[in-house]
Amino acid sequence: MADTSDYPRGESFMDSFRGILVAYFMPENCYDKFFLDFDFLDVPCLKIVLSKALGIAIILGSVLVKLPQIIKLMRAKSAEGLSFNSVLLELLAITGTMAYSMSNKFPFSAWGEALFLMLQTVTIGFLIQHYGRRTGLGETRHTVTTDWYCPLILIQAATNFRNGHTGQLSAISVFLLFAGSLARIFTSLQETGDSLMALTYVISSTCNGIITLQVLYYWNSKPEHKKKKNKKNKRE
């Protein structure tokens, strides 16, 4: 009897491969166009695949996107330059995005990073409070009370401008958040078709862009330099 064990295995592998692609990256008609008709230049299908791939990449990246910020805070044992109120409102915005997406039954690839960002933002907020108490509650309370009614991004931006540096703000996290919010504009339009969702990420990209520009502008400005400059001015 001929050995046909290899055929079912091959068929099983192709079925699994097709199942993964159809489940996460493309609808069945796009799979047929790519792998049966070999039409790799079908624009609608390319847009779908690109959107799905970007969405999954953003979710995977979000698992670690704020880790550099957390590590920087723990190493410095200081939260200087970070506004707790900004983190608090960011947490509110993230949970709002999650609730809106879930209520509208958007695919997880369109909003999944919000779940991981929420967990990391909570950690950052805890560290700011922890190190804020350690370095003095006066400064932390001042930040919370004076910036509470400001728009979300202007809170951190105003803090940076007032300090003349970005303190313990992680450049890596800022750059990744900016890039992710830009990519989300495309994926939101492609996967949800929700103009409000897309507008949210347009605003988010603009806000993250402001902080990104501040990080670049204050790149060589350090808290220690600022303190020395202030002491010198007082002596004069």
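These exercises, with worked solutions, treat helix packing and salt bridges in a predicted model.

**Exercise 1. Describe how helices H9 and H10 pack.**

Two packed helices are described by the angle between their axes and the distance between the axes.

Step 1: take the geometry. The axes of H9 and H10 come within 8 Å. They cross at roughly 155°.

Step 2: classify the angle. Angles over 145 degrees count as roughly antiparallel. H9 and H10 are therefore roughly antiparallel to each other.

Step 3: assign the hand. H9 and H10 cross in a left-handed manner.

Step 4: find the contact residues. On the H9 side they include Phe-175, Phe-178, Arg-184 and Leu-189. On the H10 side they include Met-197, Tyr-201, Asn-208 and Leu-216.

Step 5: sort the contact by class. The contact of H9 with H10 has 15 nonpolar, seven polar and one charged residues.

**Exercise 2. Carry out the analysis for H5 and H10.**

Step 1: locate the helices. H5 covers residues 84-103, and H10 covers residues 195-217.

Step 2: take the geometry. The axes of H5 and H10 come within 12 Å and cross at roughly 160°.

Step 3: classify the pair. H5 and H10 are therefore roughly antiparallel to each other. The crossing of H5 with H10 is left-handed.

Step 4: list the contact. H5 supplies Thr-97, Tyr-100 and Ser-101. H10 supplies Leu-196, Met-197 and Tyr-201.

Step 5: sort by class. The contact of H5 with H10 has four nonpolar residues, two polar and no charged.

**Exercise 3. Count the salt bridges, then place the one between Glu-191 and Lys-52 in the fold.**

Side chains of opposite charge can pair when their charged atoms come close.

Step 1: count. The model has four salt bridges.

Step 2: check the distance. The cut-off is 4 Å from nitrogen to carboxyl oxygen. Glu-191 and Lys-52 form a salt bridge at 3.4 Å, N to O.

Step 3: place the partners. Glu-191 lies in helix H9 (residues 171-191) and Lys-52 in helix H3 (residues 43-62), so the pair ties together parts that are 139 residues apart in sequence.

Step 4: check the burial of Glu-191. Buried means under 20% relative accessible area. Glu-191 has 17%, so Glu-191 is buried.

**Exercise 4. Which parts of the chain does the pair Lys-66 and Glu-90 link?**

Step 1: confirm the bridge. The side chains of Lys-66 and Glu-90 meet at 2.5 Å, N to O.

Step 2: place the partners. Lys-66 is in the loop between H3 and helix H4 (67-76). Glu-90 is in helix H5. The two residues are 24 residues apart.

Step 3: assess exposure. Lys-66 is buried, at 4% relative accessibility. Glu-90 is partly exposed, with a relative accessible area of 23%.

**Exercise 5. Are Arg-184 and Glu-113 buried or exposed?**

Step 1: confirm the bridge. The side chains of Arg-184 and Glu-113 form a salt bridge at 2.6 Å, N to O.

Step 2: place the partners. Arg-184 lies in helix H9 and Glu-113 in helix H6 (residues 113-135), so the pair ties together parts that are 71 residues apart in sequence.

Step 3: read the burial. Both Arg-184 and Glu-113 are buried.

Step 4: link back to Exercise 1. Arg-184 is also among the H9 residues that meet H10.

**Exercise 6. Locate Leu-176 and relate Leu-176 to Leu-64.**

Step 1: place the residue. Leu-176 belongs to helix H9.

Step 2: assess exposure. Leu-176 has a relative accessible area of 44% and is partly exposed.

Step 3: set sequence against space. Leu-176 and Leu-64 are 112 residues apart in sequence. Their C-alpha atoms are 9.8 Å apart in space.

Technical notes
Residues are numbered from 1 along each chain as its sequence is written. This is a predicted model: local features need pLDDT of at least 70, side-chain atom pairs count only at pLDDT 80 or more; totals for chains, interfaces and linings use all residues. Side-chain values use heavy atoms; hydrogens and water are left out. Axes are lines fitted to C-alpha atoms, for helices over the stretch in contact, and angles run from 0 to 180 degrees between N-to-C directions. Helices (H or I, at least four residues) and strands (E, at least two) are DSSP runs, numbered from the N terminus. Angles under 35 degrees count as roughly parallel, over 145 as roughly antiparallel, 65 to 115 as roughly perpendicular and the rest as oblique. A crossing is left-handed if the near helix is turned anticlockwise from the far one by less than a right angle, and right-handed if clockwise. Contact means heavy atoms within 4.5 Å. Ala, Val, Leu, Ile, Met, Phe, Trp, Tyr, Cys and Pro count as nonpolar, Asp, Glu, Lys and Arg as charged, and the others, Gly among them, as polar. Buried means under 20% relative accessible area, exposed over 50%, partly exposed in between (1.4 Å probe, protein chains only).
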